[in-house]
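User: Hello! I'd like a close look at a single part of this model, told as one connected account.

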Amino acid sequence: SQVQGIYLITDASNGKQYVGKAYGAEQILQRWRSYVQDGHGGNRALRELAKISTEAGGAKTDHARHFVFSILRVFGPSTSSSVVDKAESHYKMALMTREHGLNRN
């Protein structure tokens with residue numbers, strides 16, 4: 001709850017991945033809680049999954065039961081947002097989550 005960093009969400013139902021970051025006032029634990037609460041945490045591709053869940057008659061968070069959360073990198077509380085942004089971009093490229101995953105930016 002006290003660290004910022006880069007995390008990975010893998011949808012175990014299809015293998016698609018999402019790389020995200022948590023920094024500033026919103027640390028990793030708070031960020032993950034938002035995914036549990038609403039099923040998307042504000043992410044566009046995950047919002048689409050939530051919409052599909054509700055259109056199929058389920059709850060907006062039904063798809064999230066397949067999410068596996070991993071921490072890729074931890075940063076200290078004084079690390080600048082530009083360093084965190086650069087690391088997030090690196091992992092998106094390395095894991096190809098823009099081309100084959102759930103990252104849209």
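Which strand gives the most to the lining of the largest pocket? Please start there and follow the contacts outward.

Analyst: Happy to walk through this with you. Please keep in mind that the model is predicted.

The strand you are after is strand 2, which gives three residues to the lining of the largest pocket, the most of any contributor. Strand 2 covers residues 17-22, and together with helix 3, residues 81-95, it belongs to the elements that each supply at least two residues of that lining. The pocket itself has a volume of about 150 Å³. Thirteen residues line the pocket, and the closest to its centre are Tyr-18, Gly-42, Asn-43, Arg-44 and Asn-105. By character, the lining divides into six charged residues, five polar ones and two nonpolar ones.

Strand 2 and helix 3 also meet through a salt bridge, and this is a good place to go next. Lys-21 pairs with Asp-85, with the closest N and O atoms 2.5 Å apart. This pair links distant parts of the chain, since Lys-21 belongs to strand 2 and Asp-85 to helix 3, 64 residues apart. How open to the surroundings are the two partners, Lys-21 and Asp-85? Lys-21 is partly exposed, with a relative accessible area of 24%. Asp-85 is partly exposed too, at 28%. As general background, side chains of opposite charge can pair when their charged atoms come close.

Staying on helix 3, Glu-88 forms a salt bridge with Lys-92, where the closest N and O atoms are 3.5 Å apart. Glu-88 and Lys-92 are separated by about one helical turn because they are four residues apart in helix 3. Both Glu-88 and Lys-92 are buried. Through salt bridges that share partners, Lys-21, Asp-85, Glu-88 and Lys-92 are joined into one network. The network thus takes in the partly exposed Lys-21 and the partly exposed Asp-85, along with the buried pair Glu-88 and Lys-92.

The structure holds four salt bridges, and one of them lies in helix 2, residues 44-55. There the side chains of Lys-51 and Glu-55 meet at 3.9 Å, N to O. For your own checks, the cut-off for such a pair is 4 Å. Lys-51 and Glu-55 are four residues apart in helix 2, so about one helical turn separates them. Are these two side chains buried or exposed? Both Lys-51 and Glu-55 are exposed, whereas Glu-88 and Lys-92 of helix 3 are both buried.

Helix 2 has buried positions as well. Ala-45 is found in helix 2, and Ala-45 counts as buried because its relative accessible area is 2%, under the 20% limit. Its C-alpha atom is separated by 12 Å from that of Gly-20, 25 residues apart along the chain. Ala-50 also lies in helix 2 and is buried at 5% relative accessibility. The C-alpha atoms of Ala-50 and Ala-94 are separated by 26 Å, with their positions 44 residues apart along the chain.

Following the chain past helix 3, you come to Met-96, in the loop between helix 3 and helix 4, residues 97-100. Its backbone deserves a look: Met-96 has a positive phi of about 55° although it is not a glycine. In general, most residues other than glycine have a negative phi. Met-96 is partly exposed, with a relative accessible area of 40%.

Two further spots round out the tour. Phe-67 sits in strand 3, residues 67-75, and is buried at 9% relative accessibility. The C-alpha atoms of Phe-67 and Ser-13 are 8.3 Å apart in space, while the two residues are 54 apart in sequence. On the surface, Val-3, Ile-71 and Val-74 make a nonpolar patch of about 220 Å². Val-3 is placed in the segment before strand 1, residues 4-11, and is partly exposed, with a relative accessible area of 31%. That value matters here because patch residues need over 30% relative accessible area, a limit to set beside the 31% of Val-3.

Methods:
Residues numbered from 1 in each chain as written. Predicted model: local features only at pLDDT ≥ 70, side-chain atom pairs only at ≥ 80, totals over all residues. Heavy atoms only, no water. Patch = residues over 30% accessible without salt bridge, like charges linked within 9 Å, V, L, I, M, F, W, Y side chains within 5 Å. Areas by Shrake-Rupley, 256 points an atom, 1.4 Å probe, with all protein chains shown as cover. Buried < 20%, exposed > 50% of the residue type's maximum accessible area, 1.4 Å probe, protein only. 1 Å grid on protein atoms, 1.4 Å probe; cavity = no way out; pocket = protein on both sides within 12 Å on 5 of 7 lines; lining within 4 Å. Points joined across faces, edges and corners; volume = space filled by probe spheres on them. Nonpolar A, V, L, I, M, F, W, Y, C, P; charged D, E, K, R; others polar.
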